[in-house]
Every structure is written in structure tokens, then in C-alpha cells.
Amino acid sequence: MREDPDSLRRNPILPLPANLSKKSRIDIAGESYSIDQIRTALAYQLSERMIFVKAPDPVVADLLFTFGWLECQTRLVESGIELLKMARDYGYADTAAITAKIAESESAIRRGVFRRKVKIAIWLAGLTGVAVGIVILVRKLGRNRVKRR
């Protein structure tokens, strides 16, 4: 890496598939691992390394970038963004990639918030319709009782 500082950019320690999901499997040295196994291994490796290795460090930066993108794509986007920012702090070589991944993740958060607001509005409209229907029914039944007397 001293002779070729961009080597991790071309060959990350843990390459992730382009289409990543919670059900993805990642092959390493002939073995297939689940996303949860990879997440656990990355968390362990980083917790051990970051105690002793201070920034900048290209290996920790690469692992943080991989872990951050894995989190953004399969679990909690907000924590993934923080991991991507830590990768930048540790000197991840491709700052443009970090900026793009963070922007993409923040956009996904905004879309998710918008979808939740739309679902809530639909539910409220439905509940309002039901409430109005009940009020109309109660009034109609009340009028019928008055007419019968």
C-alpha cells in the first residue's frame, strides 16, 4: 500500500456486490457468508482495530467504508452515514465515493420520510371518512327515532 496508495480503491478488503440486500451472500475465500455474519465480523474487527489504530489509516478507512455502505443498504441508513463519515476521517482514498454514498443515503431517508407521511395522510383521511360516516349514521338514526315518536 505504501508503493500504491490507491490499491484499496481498486481492490477493497471486502468487495460488496453491486445489488446488496439483507438476503445477499458474500463469498470470501471460497466460503459464503450472510450479511449478518459480515456485519458482525466488521463490527468486531473495527472495534479491535480502532482502539489501537489512529487516523489516518487506509485499512480502517476501507473497512469503515464497507461497513457504512453495508449498513446504508441493509439496515439503518443513519448509522451507515456516520460510518461513511468516519471512513472519510480515517482517510478513505475516494472522497467522491463517500460524498456520493452519503448523498444517496440521505435522499433515501427523505424518500422514506415522505412515504411515511403519505401513509399517515391516507390513514387519517380514511379515519376521517369513517368518523364522518358514523356521525351521519348516528344523526340519521336520531332523526328516525324522533319521527317514530
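Aspartate 27 has serine 32 of strand S2 as its bridge partner in this predicted model. The pairing belongs to an antiparallel arrangement in which strand S1 (residues 25–28) is joined to strand S2 (residues 31–34) by 4 bridges. Beyond the hairpin, the largest nonpolar core has 28 residues, and helix H3 (58–74) is among the helices that supply at least two residues of this core.

**Hairpin of S1 and S2**

- Isoleucine 26 stands opposite tyrosine 33 of S2, while aspartate 27 is paired with serine 32.
- The hairpin has 2 residues between its strands, and alanine 29 is placed in this loop between S1 and S2.
- The phi angle of alanine 29 is near 50°, a positive value in a residue other than glycine.
- Alanine 29 counts as exposed because its relative accessibility is 80%, and the cut-off for exposed is over 50%.

**Nonpolar core**

- Leu42, Leu64, Phe65, Leu70 and Ile98 are the residues with the most contacts inside the largest nonpolar core.
- Helix H2 (35–52), helix H3 (58–74), helix H4 (77–89) and helix H5 (95–148) each supply at least two residues of this core.
- H3 gives the most to this core, with 10 residues.
- Leaving aside neighbours within four places in sequence, leucine 70 is in contact with Leu16, Leu20, Ile35, Ile38, Arg39, Leu42 and Arg75.

**Helix H3 and the loop before it**

- H3 consists of 17 residues and spans 24 Å from its first C-alpha to its last, close to the 24 Å expected at 1.5 Å a residue.
- The helix is mostly covered, as 15 of the 17 residues in H3 are buried.
- At the N-terminal end of H3, aspartate 57 acts as a cap, with a side-chain oxygen 3.2 Å from the backbone nitrogen of valine 59.
- Proline 56 is located in the loop between H2 and H3.
- The peptide bond that joins alanine 55 and proline 56 is cis, with omega about -5°.

**Arginine 39 in H2**

- Arginine 39 is placed in helix H2.
- This arginine counts as buried because its relative accessibility is 7%, and the cut-off for buried is under 20%.
- The side chain of arginine 39 makes a polar contact of 2.5 Å with the side chain of aspartate 36.
- Not counting residues up to four places away in sequence, arginine 39 touches Phe67, Leu70, Glu71, Thr74 and Arg75.
- The contact between arginine 39 and leucine 70 involves one of the residues with the most contacts inside the largest nonpolar core.

**Leucine 83 in H4**

- Leucine 83 is found in helix H4.
- Leucine 83 is buried because its relative accessible area is 13%, and buried means under 20%.
- The C-alpha atoms of leucine 83 and phenylalanine 65 are 6.7 Å apart in space, whereas the two residues are 18 residues apart in sequence.
- Not counting residues up to four places away in sequence, leucine 83 touches Leu64, Phe67, Gly68 and Glu71.
- Phe67 and Glu71 are touched by leucine 83 and also by arginine 39.

Technical notes:
Residues numbered from 1 in each chain as written. Predicted model: local features only at pLDDT ≥ 70, side-chain atom pairs only at ≥ 80, totals over all residues. Heavy atoms only, no water. Core = buried A, V, L, I, M, F, W, Y, C linked by side-chain atoms within 4.5 Å. Buried < 20%, exposed > 50% of the residue type's maximum accessible area, 1.4 Å probe, protein only. Contact = heavy atoms within 4.5 Å. Pairing = 2+ DSSP bridges. Polar contact = N/O pair within 3.5 Å; in protein donor to acceptor, adjacent residues only side chain to side chain. Expected span 1.5 Å × (residues − 1).
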